[in-house]
Amino acid sequence: MDKETISQLASQMETKEDLLTLLNRIKQDELAERGLSDRYFPFTMKQINYFCNPNNIFHRYQQFEIKKKSGGFRQIAAPRNRSFKAILTYVNVILKSVYTPSLCAMGFTEGRSVVSNAEKHRGQNYVFNTDLKDFFPSIEQPRVWKRLQLEPFNFPMKVVNVLAGLCSMKETREMEDGTKKDFYVLPQGAPTSPIITNMVCDNLDRRLAGLAKHFGLNYSRYADDITFSSMHSVYAKDGEFRKELKRIITGQGFRINEDKTRLQKLGSRQEVTGIVVSDKLNVQRKYVRDIRNILYIWEKYGYSVAFTKFFPKYKAEKGHIKKGTPDLVNILDGKLMYLKMVKGDDDSVFIRLYDKFQRLAVQMKEPKKINKYNITYVETTKVLDFEKNNSTEVIIVNEESKNRYAYFVLGGQKLPVSVNKYIKEEDNGKKDKLYISNCRGADGKQFWLLHYNKRTVFPPQEVNIDELNNDLDSLLNT
């Protein structure tokens, strides 16, 4: 169904049964478009009744912390149950079909991004940033409940009660006097939370846009990140602008994060949502340097070495968010597409890096050997060389259940290795006869394979470990 149809059907909802019917129609239509009609199982009223009660903690949300770039940790609450996540996903479709965020909201909005957010503040003498503290959990269920009754939703109470309950979670907080109190708040990590923050912040955006107009400033908001910019300065700490800004934000039920409030002047590095704003938009130098370094190692020493040098850093920075083994090719492609989005597809730096990446990726896809299972051997290395190059050890394990596998530790994490059926646990002492290959399966996913080199796959890449370490030291200090 298109947005207009969903919006029209949403406007006709009167009961939670109507909401359930619409959710199932959207789900059925979406699966049919993907050719997965045989996987359609309708949501039930029993599920709606259970999940719309935030007091039903079990099966709703799992909580974990992620490390912030600025230090400290952010609490994330993601749906624990697949059915619950699916319900929220389709509720989000309904909300997006009915509601369009204000022109000041740059985050979680189709057609807008960190780039369009930064563009509003390009080439200014002064860029003023501030942040809303505890943004998602500061939005409580009553605010969601009230917002859904207003334009453009105008949902009846029976529908509002279910939606507000589905989109909120129970959070127990310890108060200053030592007592504990339950709050029902917006979970950071639910599919519906981003658009709801924009809905709730409509009045905030309207008032801050009015403040910006009064002082002759540019204004935008990306989630909890608020930015003003101008050619003139009105940002004195005790000045009228700062006082009025605090009054508006506090009056809308939010708090300014003073630790993230900063004024960036022309001549220093001015950033908006991680993008450097000057005469033209740019990424930080480190972003380009990291891509260039990975491509250099890949070109000179091979994909496997590039992966093993990249992996520990990646897990340290992203391991709390991304699970499993990353695909370096996909990550590099994503980084380069972001670089293109910021700098443009005619930028010489992007063109040079992307050309090198494509050349290396094409070379890797050229099969060195494909076996009957459609497994492509990308690179093969002697196990002893692999262990030496990566300061690790490949361990073969043979459990009582006859489940044989191997692994090696990289960046503090065990990486699994598939094992050829002819290899035994006692081969731990015969590694001079073993090889490890970086492979891709028929589905394109990468994995490691331990095997005898009974057939020549292709000559393993020779790596001078001293030269590699010198190159790494040089690249880190660039």
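Strands β13 and β14 (residues 404-410) sit side by side in this predicted model, running antiparallel and held together in the pairing by four bridges. Along that pairing, Val397 faces Tyr405 of β14. Both strands belong to an open sheet of six, and reading across it gives the order β12-β16-β17-β15-β14-β13. The pairing in this sheet is mixed. At the edges are β12 (376-382) and β13 (395-398); each has a single partner strand, so one side of each has no neighbour in the sheet. Going from strand to neighbouring strand, the average turn is 35°, with direction ignored. A helix joins the picture here too: α15 (residues 383-390) packs on the sheet and touches β12, β14, β16 (434-440) and β17 (446-452). The direction of α15 makes about 80° with that of β12.

There is another open sheet to look at, built from four strands in the order β6-β7-β3-β8. Here the pairing is antiparallel. The edge places go to β6 (218-222) and β8 (262-265), and since each of them has a single partner strand, one side of each is left without a neighbour in the sheet. The twist from one strand to the next averages 20°. Inside the sheet, strand β3 (residues 126-131) and strand β7 (residues 225-230) run antiparallel and are joined by six bridges. Tyr126 is found opposite Ser230 in β7. This sheet also has a helix packed on it, namely α9 (residues 202-215), which touches β6 and β7. Between the directions of α9 and β6 the angle is about 155°.

The loop between β6 and β7 holds Ala223, and this residue is a bit of an oddity. Most residues other than glycine have a negative phi. Ala223 is not a glycine, yet its phi is positive, at about 60°. A second backbone quirk turns up in the loop between α6 (141-147) and α7 (157-166), which is where Pro152 is placed. The peptide bond joining Glu151 and Pro152 is cis, with omega at about 0°.

Aromatic rings pair up in many places, and a search of the whole structure finds 27 such pairs. One of them is formed by Phe108 and Tyr222: the ring centres are 6.2 Å apart and the planes are at 45°, so this pair counts as tilted. The two residues come from distant parts of the chain, 114 residues apart. Phe108 is in the loop between α4 (82-98) and α5 (114-119), while Tyr222 is in strand β6.

Helices meet as well. The axes of α11 (residues 285-301) and α13 (residues 328-343) come within 11 Å and cross at roughly 145°. The crossing of α11 past α13 is left-handed. On the α11 side, the contact is made by Tyr287, Val288, Ile291, Ile294, Leu295 and Trp298. On the α13 side, Leu328, Val329, Leu332, Lys335, Leu336, Tyr338 and Leu339 take part. Sorted by class, this contact has twelve nonpolar residues, one charged residue and no polar ones.

How far can the model be trusted? The chain averages a pLDDT of 88, and 88% of the residues score at least 70. Residues 456-460 are another story, with pLDDT below 50. That stretch still has 14 contacts in the model beyond near neighbours in sequence. Where pLDDT is low, though, the predicted coordinates should not be read in detail.

Terms used: Residues numbered from 1 in each chain as written. Predicted model: local features only at pLDDT ≥ 70, side-chain atom pairs only at ≥ 80, totals over all residues. Heavy atoms only, no water. Axes fitted to C-alpha atoms, helices over the stretch in contact; angles between N-to-C directions. Left-handed = near helix turned anticlockwise from the far one by under 90°. Contact = heavy atoms within 4.5 Å. Nonpolar A, V, L, I, M, F, W, Y, C, P; charged D, E, K, R; others polar. pLDDT = per-residue confidence, 0-100. Pairing = 2+ DSSP bridges. Phe/Tyr/Trp six-rings, centres within 6.5 Å; stacked < 30°, edge-to-face > 60°.
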